[in-house]
Every structure is written in C-alpha cells, then in structure tokens.
Amino acid sequence: MPSLDDYKGETPSWCPGCGNIIILKTFKEAMLELGIEPHQFTIVSGIGQAAKFPHYLKCNTFNGLHGRSLPVATALKLANSGQIVIAVAGDGDCYGEGGNHLLHAMRRNINVKLFVHDNQIYGLTKGQASPTTLEGTHKNNLPFGVLSEGLNPMALAVAMDCSFVARSFAGDMEHLKEMVKAAIGHKGFSLVDIFQPCVSFNKVNTYEWYKQRVYHLEKEYNPEDRTGAFGRALEFGDRIPLGIIYRNERPTFDERIPLIREKALAQQAQSLDMSKIDSMLKEFY
Amino acid sequence: MDYSIKIGGEAGQGSQTIGDALAKVFSRSGYHVFSHQDYESRIRGGHNFYQIRFADKPVMSSRKQIDIIVALDRETIHRHVGELSETGRLIYDSETLKERPEGKRFLDVPFARLAAENGGSRIMENIVATGAILGITGMNTDILFGTIEETFRDKGEEMVRLNITLATAGYKFAAANCPSCSFSTSPASEPKMLITGVEALALGAISSGVKFYAAYPMTPATGVMNYIAGKADKFGIIVEQAEDEIAAINMAIGASFGGVRSMTGSSGGGFALMSEGISLAAMTETPVVIALGQRPGPATGLPTRTEQGDLQFALYTAHGEFPRLVFAPGSPEQAFYLTNKAFDLAEKYQIPAIVMFDQYLGDTQWTYTGFDTGKLVFTDYRLRGESFASLNEYKRHAYTENGVTPFGVPGDAKHVVVTDSDEHSEEGHIIEDAETRIRMTNKRLFKKMPLITNEIAPPLFYGNKEPKVIITGWGSSYGLMKEAVDALSGKHDIAMLHFSEIYPLPATDKFDYLGLLSQASLSICFEQNATGQFARLLKAETGYSFDKLLNRFDGRPYLLEELTGEIDALIG
C-alpha cells in the first residue's frame, strides 16, 4: 500500500500561506485515498505558480509551455491511455494564454482532468490582472483598473457542455478533496476551478473574501440539469456556489477511437509491418 | 518520345480529373511521367492548368513547348496557344466555348455533345476529352478502360460501361478527325509507380512507424495529413485536426512523450506558430518530426504557389540554442527515404527534425520502378516494458557519455518520467544553478551535435567529373537542375551539387564539395527565393561564396528551357 511519503516531491518555492500549498497537500491525500500510485498518472502543466505543482509531488510530469498544457495532455492521453492524465494550470495560463485549447478540450471531451488554481491574479509575474480579476479592481498597474468583465469559467464550461464542471476552495480542504476525487473518478473532460488566495499580490480576493461568499450546493441540487446549472454558474457575487455545478455522461474522445479501446497506442507494437507497407506502395501503380 | 500535354480551364472544370487520369494511363503504360499543376486560391473560376510530360526516358521537369493543349475555357486558348510545338494540336469544344479558331493546329471535338449523345451528363465531358487525347496519340485504350473500371467500380457496372462508352466516343472522334496528327507513342511496358512529393513524404512517415499526426489544414501541407489519415486505420495511427498549429506541435510533443512516434506539419505561417513548441521539444528532449511545406510569403503570400523562402526560418526558428535537423528532399523518392531518416535521427538523438518541401515538389508527380523498402531504417530507441521496469533507478535527463538519455515510456515502470521546459536537473525538476545549466547545455547541444553531423550524407554530385561550371541547389530544384545539366553538358563542362540534408551542413571529410566548388571557374547557386538563403548558409558556415546567384521569386516554377537558358546566359 502506498503512503503519503510515496508522493513526496521537491520542496515548494511558493510563498508562506499560499493557497497552492493546501491544494498540494489535499491532492496527495486524494491520490493516496484513491490508491493511484505515482507512476500511474501524469501531470501536465504550463507556466505560472500553479504550473510548478507537479515538481512538488512525485508523478510522471510534463511541465511544458505557458497556456499549452491541454494539447500536450490531450495527445498524451491518446498515446498512453492507460495513464490518468491531469492538467494543472493557473487562471492566466488556462483562461488567458490557453483559452482556445480549453474550448476545444471541452468540445473533444478528452478524458483529462483539469485543475485550475484560480487566484484571480498573476502571481509568477508579480501581480498583473488575470482574466478572472474582477472588473474595476486592480488599479496599481492599470491606470483605470480592469476594464474588461471577469471571465466566468463555470458559465463558459456549462455553455460548452463540458462533461464535469466543479468549483472548490483552498480554504475548504474536505470539500476540495471530495472534488478532486470526483473529478478523477468522472469519465470525461473535467474542469475544477479552485479558488486559491494569493497572499502576496491579491489584496481583494483573500481567504476572508471567499469565506464570506462561498456556500456548498445543497444536497438536492441536480448537477445534470443544464439549465439550472447555468443559473448556478452565473452566481458570482455575494454568494458563490461550491460543488459539482454540472455533469453529463457524454462519450469521451479517447473511447470513441476503436484503435485504442483494447490497448494503449504506446503499448502496441512499435515496428514496421513490411507487408502492409508493400501493399500501400502497390496502390501507386 | 517526349511529349507534353497541358489541360487548362477554370477551377472546378475538371482539368485535374483529366490530368490525373492521363498521368495514370501513361505511368501504367510504363512511360516516365512528370506533371505539375498551376492553380489559384479559389474553388471555382480563375485560370488553372495541369501539365503532363511523358517520355520513354526519365523526366523530372516540365517543358516550355506543349504538344497537346486541351482548352476547357476560352482563356486557355488565348493564353497558351503560343506554347504549341510545330506539330502540336489544341483540342477544344467549339459548341461549349462559342469560339472557333482557324487553322489545322486546332482540333474541334464536341466533348459535351458526344457526352450527351452517348447517354452521359454534362460533367462527363471530361472522360470524352481524356479519350480524345489518347485518340490523337493513337495509344491503346486497354489501360484507360482498366483505369475507368477501377475508378467507377464502386458506382456499379452501369457506370463503368457508360464511362468506357464516352471515352471510346472521344477516342474515335479525335482519331478520325485528325488525319494530319503525327504523334507516335512507344509500346507499353511494365507499369511504373506514379507518386507526388506530398504522398511520398506521408508514405515515408507511415513507413517509419508514425503513430500520431496532428495538424491544422494549410496549403501545401494539408496533403500530408490527408494521406496519413487515409491510412490511419490500416496502420494504427491517430490523426487529429488541432484547433491551431500551436496545439498541433504541442500535441505531437505530448504524444511523443507518451511513447509513440509523432509528427505534425504545416506551411510557413503555421510553422511560425509552432516556433515555441519546437523550442519545447528541444528543451524536453522529446523527438518530433515536422513537415514544412513552403509557399511564397511573407504572411499569407501566394497561398497556392511555390517558393524556397523559408530555409533561414527553418534553420533559426525557435528561441534558444539546440540541435535540429533540416532536410529538404528534391524528389518524391528522396522525400520517402529522408522522412524515414528524419524519424530515425529524431528518435535516436531526441531532437526536432524538420522536413522541408514546397508546393512544387508537393504537387509534382514522378514515376519510379519502385521504392526499395529494404532501405528503410527502424529502431525503437524507447525504454519500454521490462527493459524499463528492470532498471534500479531512472532519471529522464541523466548525464550520459553521448548526451542521449534513454527515453522511458510513462507507466511502463514504477519509475516516474519527469521533464520540464524550465532548465532542469537530471531528474527533470526545475533548477536555477549555473553548474547544472552548463552541464545540461553540454548534454543537449555539444555532445549530440558532432554525432548528428556524422550522420549527414554529402550532397549529390552529378555531371562532369571535373566541372568548370557547378550549379548548386537544394530541395525541390533537384529534377530541374539535373535535366539542365544534361541539356548543357554538350556545350559546357558542367555539373551540379544538390543538398537535401541541409542542416547540420554535411562535413567535407567524406566528400570535399568545397574543394570542388573552389576549383570550378564558375559556381552558381540556384534558389527559388529572392535573397539566396542557402548561399548565405554556406557562407556563414564555411566562408565559401558562390560566384553568381540565380534567383526566382514570382511563385512560379521554372520550365526546363527557362532554367537552361538562364544558366547558359550566366556562363556567357
């Protein structure tokens, strides 16, 4: 049986009190409880504070380019479908630089789990506005503050019929663990937007700010009702729902490819079949 | 026998259908065939043509003089009639074109009426025209009928019969109405293989064990994706149309990291978007092969035309310093083998490999007796299954003697596979220290580079063994240069050097091409671009300067006589 120590990685370089530290601890516990060993999953990340995540635990890791975790994760899942493929990104990484890839990952419904550490700010580059920074705030490096409306990832995901749409909060570990486990257990593309307070650069969206607003979706809430889910996804003000906002059972991209139903592409013969090549050449005569 | 046929018309009128059918008939008759196409970036209208040369000796360029012109519109008559050879004929349908040029060079064949009278629809006049062309050359119809049967078999017996009837009608009409036609064709022999550059490149990828191809459509690289997609089922390949070229290269890298041979392709604009991804492949030491189909730039340029304008871009694209391969095959045959070599070296040294072509090479059809699959190389360099699991420890970027660390397949062992676009430790984790940075640069770049250079074949040398004049080129100019050297060899002591493995530049120890160039009294570098990009590379790497540059940048390929004339003029 694995223990928490088996997931131990490098020492994090995040600021003391950073929401990422809590997410990291929670994630390791979730993986342990799910019995998924380090070699059985790959974390793909881009660039940003959140993207350093896979270095701080033990697992297969592809830490690639800013905004590009999803295309790498998509193809990795197709090539090596036995792996549990997880993408970890920040709000700037995923909703800004990589926005186009998010749209298409949701369309494809590739069986990849995406965790967005959403701190509504750019941490790595020291405090610029992100796509989820609230309109009208953040006047320190923008002369008029943020003029664009904040991106609503939950509403976007429901509109795109994303297979699993959830929100959680680094200040609520038990809930977060439940969401991580539910996302990994779900068959299909999963987006979990995690409020992750940035203690260094975001003086607006603090632990306290979130605590005053978040509430757990009630037990009788039906995440399979898309219209109702859209209503909840639009709640982002005095009250913000946490939990599985929307879920559907669409067939996944990977399971629709007959070639990899029995065996992962990487496990299939990597050799040349000369008789097939010869018959392909014959078609040119 | 060395004839050229040109079929001209608006886009969508069928010049491609007729051209494809004829090229197939000629290659199946055992003739040597070369064809090129000239088309506009539109689906209907405009002016397109398809030019086919067939001969009883190898041909690898298009000629200026045309023996048979098929005019599907009036513009073709006016634009191309001057290209007719002395004994040439222009075939057209006066009832459709509402024009009746005078003279015995014009052969009026009522394509549409013959189609209608024999029970065919309007669009079937193309098969009447195909029959008519064979009619005036006096070729046997068996091979045409065989091709028709193959093409229409799926549509039923009735359709096959109808098309044969229509072809026969065109054939008989043309044969009966052109008593003065003096074409004579050689008897048929063993069928030849007919293949385009794009098909050969895709064939090379499949024959190298590619398992994943992601791309976004862009002329002239789309054909690579189309061909591979058509064979995906049979060869167990996943092909995905990415949302953009940034996704395409990142997908190719992701699949490669996952444990399979992987590829992407685009033209200059899409390749530009891949730039950061190429750098990622280099940093993470993830093998990837990229097909780069050039067309004239900058920006959207001339989308359906040809240029060799992206060599310097392919050499220097992507930030940072790292080894890469740049190949530029000169023919479909070279495209087949060089794509195979690109895969092998990309996997062996865990580097990005770029295989360049252009619209001209991509679309031109060549004939061969066959490709030798015995020459294909395949070694699975990855660490899989038991051989990975049995290791005591594993570090993805461990320092090794030759700089190459065996690449483990994630999940095949308890060892984790970790890599990073940041500078990283042997384990693959982010580092900041200077010492590791230096060691990693040594591993990635300095240790691998001489080994890679050692794999590069010398340029192809052809012609006079002690040449006074040397014409040098790279990529798609191979066929044109070779025929130009043949044409000029009676008059000059001329030879050619053709570079297809461009970067790293071949060393001179196996073949001293620099010595050869220095001894010539005139060296010319021929490139289909404005500034002489290969000449600049050779100068930068070796200090050698060509005496003269021959450049063309109007987006059109040379015809043989044009090139021969220009070389002759440069020699003086």
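A residue counts as buried if 20 or more other C-beta atoms lie within 10 Å of its own. Keep that cut-off in mind as we walk through this predicted model.

**One residue to start with**

Let's try the rule on B:Asp73. Is B:Asp73 buried or exposed? Because it has 21 C-beta neighbours inside 10 Å, B:Asp73 counts as buried. You will find B:Asp73 in the loop between β4 (66-71) and α2 (74-80) of chain B. Leaving out residues up to four places away in sequence, B:Asp73 touches B:Gly9, B:Glu10, B:Gln13 and B:Leu97. For a sense of scale, the C-alpha atoms of B:Asp73 and B:Gln533 are separated by 39 Å, and these two residues are 460 residues apart along the chain.

**The layout of chain B**

Chain B is divided into four parts: domain 1 (2-177), domain 2 (195-375), domain 3 (385-454) and domain 4 (460-571). Between domain 1 and domain 3 of chain B, the C-alpha centres lie 58 Å apart.

**A helix you can check yourself**

Helix α1 of chain B covers residues 15-28. At 1.5 Å a residue, its 14 residues should span 20 Å, and the end C-alpha atoms are indeed 20 Å apart, so the two values agree. How many of the 14 residues of α1(B) are buried? Twelve are, which makes the helix mostly covered. The buried ones include B:Ile18, B:Leu22, B:Val25 and B:Phe26, but also B:Asp20, B:Lys24 and B:Arg28. Just after α1(B), B:Gly30 takes a positive phi of about 90°.

**A covered strand and its partners**

Now turn to strand β11 (residues 288-294) of chain B, where seven of seven residues are buried. In a regular strand the side chains alternate between the two faces of the sheet. Here B:Val288, B:Ile290, B:Leu292 and B:Gln294 point one way, while B:Val289, B:Ala291 and B:Gly293 point the other way. The table shows the strands that pair with β11(B), followed by a pairing that crosses between chains.

| Strands | Bridges and direction | A facing pair |
|---|---|---|
| β10 (262-267) of chain B and β11(B) | five bridges, parallel | B:Gly265 and B:Ala291 |
| β11(B) and β13 (352-358) of chain B | seven bridges, parallel | B:Leu292 and B:Met356 |
| β2 (60-63) of chain A and β15(B) | three bridges, parallel | A:Thr61 and B:Val418 |

**The nonpolar core**

In soluble globular proteins, nonpolar side chains tend to be buried together. The largest nonpolar core here has 238 residues, and B:Phe212, B:Ala252 and B:Val355 touch the most other members. Which residues is B:Val355 in contact with, leaving aside its neighbours within four places in sequence? They are B:Leu201, B:Val289, B:Ala291, B:Leu292, B:Phe327, B:Leu338, B:Thr339 and B:Ala342. Among them, B:Val289, B:Ala291 and B:Leu292 are residues you have already met in β11(B).

**Where the chains meet**

Finally, let's look at the two chains together. In the model, 55 residues of chain B are in contact with 46 residues of chain A. Elements giving two or more residues to this side of chain B include β7 (193-196), α8 (197-206), β8 (212-215), α10 (245-258) and β15 (418-420). Which element gives the most? That is α10(B), with ten residues. The residues on this side of chain B divide into 30 nonpolar, 15 polar and ten charged.

Conventions. Residues are numbered from 1 along each chain as its sequence is written. Chains are lettered from A and ligands numbered from 1 in the order in which they are written. This is a predicted model: local features need pLDDT of at least 70, side-chain atom pairs count only at pLDDT 80 or more; totals for chains, interfaces and linings use all residues. Domain bounds come from an automatic or database domain assignment. Helices (H or I, at least four residues) and strands (E, at least two) are DSSP runs, numbered from the N terminus. The expected span of a helix is 1.5 Å times one less than its number of residues. A nonpolar core is a set of buried Ala, Val, Leu, Ile, Met, Phe, Trp, Tyr and Cys residues joined through C-beta atoms within 7 Å. Two residues are in contact if their C-beta atoms, placed from the backbone, lie within 7 Å. Ala, Val, Leu, Ile, Met, Phe, Trp, Tyr, Cys and Pro count as nonpolar, Asp, Glu, Lys and Arg as charged, and the others, Gly among them, as polar. Two strands pair if DSSP finds at least two bridges between them.
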